[in-house]
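User: Please take a close look at the aromatic rings of this structure and describe how they are arranged.

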Amino acid sequence: MVMTLDPYIIDTLMADLVSHDRQPSAFLVYLTLTRWAHSPHRPQIAMALQDIAESTGLSKRTVQSAIAHLVYRRLLAIDRASPTSVPVYTVLRPWRRGA
C-alpha cells in the first residue's frame, strides 16, 4: 500500500508539535495513527495503547500522554464502546476543509 502524506504534516505540524509544544512523541503517535487509519473512507482505527507503543518505540505511558496532547490540540478524537474496550481513534486534519 502506498500512502501519500499531506505536506502540511511535515512542513507545519512536525515543527509545531516538536519545537513549539515540545511533544515529539505526539508527532510520532500522530504519524502512526495516520498510517494505520489511512483511507479516505475510514479515518478511524481501533488500536490498543500497547500496539501503538510497539509501533512507535515509545512507552505505554508516553503514548497515553501523547494521545492526551493530540486530543487537546484537536488532532485526534477518541470513542469507546465501554471503559475497558479498545479505543477507536479518529485522525483529524483541521487544516483541511471537511476533514
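Analyst: The following account treats the aromatic pairs and then a charge placed over a ring. The model is predicted, with local features requiring pLDDT of at least 70 and side-chain atom pairs counted only at pLDDT 80 or more, while totals for chains, interfaces and linings use all residues. Residues are numbered from 1 along each chain as its sequence is written, and side-chain values use heavy atoms, with hydrogens and water left out.

The structure contains two aromatic pairs; rings of Phe, Tyr and Trp (its six-membered ring) pair if their centres lie within 6.5 Å, and planes under 30 degrees apart count as stacked, over 60 as edge-to-face and the rest as tilted. Tyr8 and Trp95 make a stacked pair, at 4.4 Å centre to centre with 20° between the planes. Tyr8 belongs to helix 1 (residues 7-20) and Trp95 to the segment after strand 3 (88-91), so this pair ties together parts 87 residues apart in sequence. Helices (H or I, at least four residues) and strands (E, at least two) are DSSP runs, numbered from the N terminus.

Trp95 also pairs with Tyr30: the ring centres are 6.5 Å apart and the planes stand at 55°, so this pair is tilted. Tyr30 lies in helix 2 (residues 24-36), 65 residues from Trp95. Tyr8, Tyr30 and Trp95 together form one aromatic cluster.

Buried means under 20% relative accessible area, exposed over 50%, and partly exposed in between (1.4 Å probe, protein chains only). Tyr30 is buried at 1%, whereas Tyr8 is partly exposed at 31% and Trp95 is partly exposed at 23%.

Finally, Arg35 lies over the face of Trp36, 4.2 Å from the ring centre; a charge sits over a ring if NZ of Lys or CZ of Arg is within 6 Å of the ring centre and within 35 degrees of the ring normal.
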